[in-house]
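These are my notebook entries on a single structure. I record what I looked up, one topic at a time.

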Amino acid sequence: MFKVFYPYAYINSVFSPDYENLFQQGYRALIFDIDNTLVHHGSEVTQEVIDLFEMLHQIGFRTLLLSNNNAKRIAPFAETLNTLFIADAHKPNSLNYMKALDLLEITSQQALVVGDQIFTDILGANRAGIASILVRFLQKDPNEPIGKKRQLEKLILACFQYSRYRNRIEIKPKEAIIRRRNFSDINSLFYQISCYKEIAKRYVSDLRAKTRFARFRNIEKLPVLIYSYSSNIIRNGPGIDPISQQNKAVNLALASEKINGIVIKPNETFSFWHLVGKTSVRKGYKEGRVISKGKLKMGVGGGLCNLANTLNLLVLHSPLEIIELHTHSDALDPSAERNRVPFSSGTSVSYNYIDYRFKNNTPHDMQILVWCENGELKAELRSTVPVEHRYQLIEENHCFVKRGSSYYRHSEIYQQIICLKTDKVLAQKLIWKNRSKVMYDPCLIPKELIK
């Protein structure tokens with residue numbers, strides 16, 4: 001009966017969570033309450049909080065202060081922390097929670113609310129469909145009696161503590177008061193059940209959406225080449241299993257056949273999994289490297305992320321619109337650091353709910369050709385007519401940063417739209433704020449890139 005009040009986790013302080021882990025889970029913005037959450041009620045910002053926000057921004061989080069207090073109190077606080085803010089928020093009204101998402105330019109699934117009050121911060125977050133973390137409120141005098149609301153919160157937290165209500169985020173174990181496991185983490189069977197649930201949800205959502213998916217294939221090439229790309233299929237180096245690489249080559253050849261020649265007509269949507277279908281041993285797919293829960297492992301159909309990433313590079317060099325993109329670490333292979341190509345890896349796919357999709361919003365047919373030849377994965381994007389602009393990717397602020405015992409690649413990757421006649425940049429859009437955990441031996445990171 002209390003589930004509308006439940007936070008997704010309950011922690012000692014705002015300094016407790018493993019924020020890098022939360023970023024790796026896909027969260028991109030943090031919405032903080034101030035009084036009794038970041039500092040004692042009415043207190044000024046502390047150096048510890050300033051350092052926290054600097055660390056959060058460096059990881060890649062966007063931040064916002066959401067407070068029922070007035071702007072006179074909040075504005076100087078926000079300026080010191082270099083963050084957005086909304087004052088007089090009227091929590092738990094969900095209106096300003098939704099406004100916060102708009103200001104942060106994210107979806108509700110990418111945000112976390114952090115606050116100290118169940119009946120304002122947490123209730124408002126739940127009404128807005130945003131995950132929340134309840135912080136043990138800062139109490140100046142531990143002997144000071146707490147009010148009726150706090151007493152009721154203690155009762156709800158007692159129910160919360162012994163409930164098996166599902167959890168959606170993982171907090172640093174040593175710091176958390178409560179740490180509950182995801183249903184999918186209990187054992188491998190429950191993980192499979194969770195996957196089947198997500199697959200079924202995707203089938204239902206596609207049926208409801210009535211999306212026009214590209215299905216027509218043409219063995220004849222369309223006349224105009226927009227962009228082409230090729231990469232070596234087999235990677236060699238320390239820690240890379242040659243068998244997994246050979247199996248990857250088999251998997252890429254099978255999946256490429258399903259996509260090669262596909263024509264995306266105006267207003268049609270390309271779906272990786274609608275064309276490739278479910279991978280299985282029966283269809284000839286072998287075990288290759290996959291990333292699961294942030295770790296490299298073997299799985300049937302492993303290596304198909306290479307194909308999705310190649311398709312993504314084609315699309316990023318065109319006017320086509322990406323409508324679904326998932327990413328994983330792009331720091332998988334030390335040999336790729338020598339001649340780095342921005343976004344040459346990092347696109348993630350997993351049947352069928354982690355899909356790669358784009359839409360043809362142009363008035364002309366587009367065609368993808370993709371095939372394996374002489375140890376290379378080759379791809380072309382073609383059209384019936386030339387495009388108006390040229391597109392290119394640039395990477396800025398590329399470096400590696402050590403966090404705890406791990407290293408992370410930091411960079412920003414932009415898509416530039418360039419006028420063909422004048423060769424001037426007409427627009428530049430950030431497409432990926434890269435914060436990838438290094439999955440190979442960090443001793444192989446180029447020393448000059450470590451910050």
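**Entry 1. Strand 6**

Which residues of strand 6 are buried on one side, and which on the other? I found Ala 131, Ile 133 and Val 135 on one face and Ser 132 and Leu 134 on the opposite one, every one of them buried. I note here that the model is a predicted one. The strand spans residues 131-135, and 5 of its 5 residues are buried. This arrangement can be read against a general pattern: in a regular strand, side chains alternate between the two faces of the sheet.

I then looked up the pairing. Strand 1 (residues 9-11) runs parallel to strand 6 and is joined to it by 3 bridges. Within that pair, Ile 11 has Val 135 as its bridge partner. Strand 5 (residues 111-115) also runs parallel to strand 6, here with 4 bridges. Gly 115 is placed opposite Leu 134.

**Entry 2. Overall counts**

I checked the totals for the protein. It has 10 helices and 19 strands. Of its 451 residues, 48% count as buried. Taking contacts with a separation of 6 or more, I found that 68% are between residues 24 or more positions apart.

**Entry 3. Helix 3**

I next asked which residues of helix 3 (residues 71-81) are buried. They are Arg 73, Ile 74, Phe 77, Ala 78 and Leu 81. Viewed down the helix axis, these buried residues fall within an arc of 110°, so they line one face of helix 3. The general background is that an α-helix has 3.6 residues a turn, so residues three or four places apart point the same way. On the face turned away from the buried side I found the exposed residues Lys 72 and Glu 79. The cover over the buried residues of helix 3 includes helix 2 (47-59), strand 3 (62-66) and strand 4 (84-86).

I also inspected both ends. At the N-terminal end, Asn 70 acts as a cap, with a side-chain oxygen 3.2 Å from the backbone nitrogen of Lys 72. After the helix comes Asn 82, which has a positive phi, near 55°.

**Entry 4. The four-stranded sheet**

I traced an open sheet of 4 strands in the order 8-16-15-9, with antiparallel pairing. Its edge strands are strand 8 (224-232) and strand 9 (262-264), each of which pairs on one side only. From one strand to the next, the twist averages 20°. Helix 8 (residues 242-259) packs on this sheet and touches strand 9, strand 15 and strand 16. The direction of helix 8 makes about 155° with that of strand 15.

For the pair formed by strand 15 (residues 366-373) and strand 16 (residues 376-383), I read 8 bridges in the antiparallel sense. Trp 371 stands opposite Lys 378 of strand 16.

**Entry 5. Nonpolar cores**

I looked up the largest nonpolar core, which has 41 residues. Those with the most contacts inside this core are Ile 259, Phe 270, Phe 272, Leu 307, Leu 311 and Ile 368. Among the elements that each supply at least two of its residues are helix 7 (188-209), helix 9 (272-276), strand 15 and strand 16. Helix 10 gives the most, with 8 residues. Leaving aside residues up to four places away in sequence, Leu 311 touches Ile 259, Phe 270, Phe 272, Tyr 356 and Ile 368. I found a second, separate core of 29 residues, which includes Val 14, Ile 59, Leu 112 and Ala 131.

**Entry 6. Asp 206**

Is Asp 206 buried or exposed? Asp 206 has 13% relative accessibility and counts as buried because the cut-off is under 20%. The residue lies in helix 7. With residues up to four places away in sequence left out, Asp 206 touches Thr 211, Phe 213, His 274 and Arg 357.

**Entry 7. The three-stranded sheet**

Finally I traced an open sheet of 3 strands, ordered 17-18-19, with antiparallel pairing. Strand 17 (389-403) and strand 19 (425-437) are at the edges with a single partner strand each, so one side of each has no neighbour in the sheet. Direction ignored, neighbouring strands here are turned by 15° against each other on average. Strand 18 (residues 406-419) pairs with strand 19 in the antiparallel sense over 11 bridges. In that pair, I read Ser 436 of strand 19 as the bridge partner of Arg 409.

Methods
Residues numbered from 1 in each chain as written. Predicted model: local features only at pLDDT ≥ 70, side-chain atom pairs only at ≥ 80, totals over all residues. Heavy atoms only, no water. Pairing = 2+ DSSP bridges. Axes fitted to C-alpha atoms, helices over the stretch in contact; angles between N-to-C directions. Contact = heavy atoms within 4.5 Å. Core = buried A, V, L, I, M, F, W, Y, C linked by side-chain atoms within 4.5 Å. Buried < 20%, exposed > 50% of the residue type's maximum accessible area, 1.4 Å probe, protein only. Arc of directions from axis to C-beta. Polar contact = N/O pair within 3.5 Å; in protein donor to acceptor, adjacent residues only side chain to side chain.
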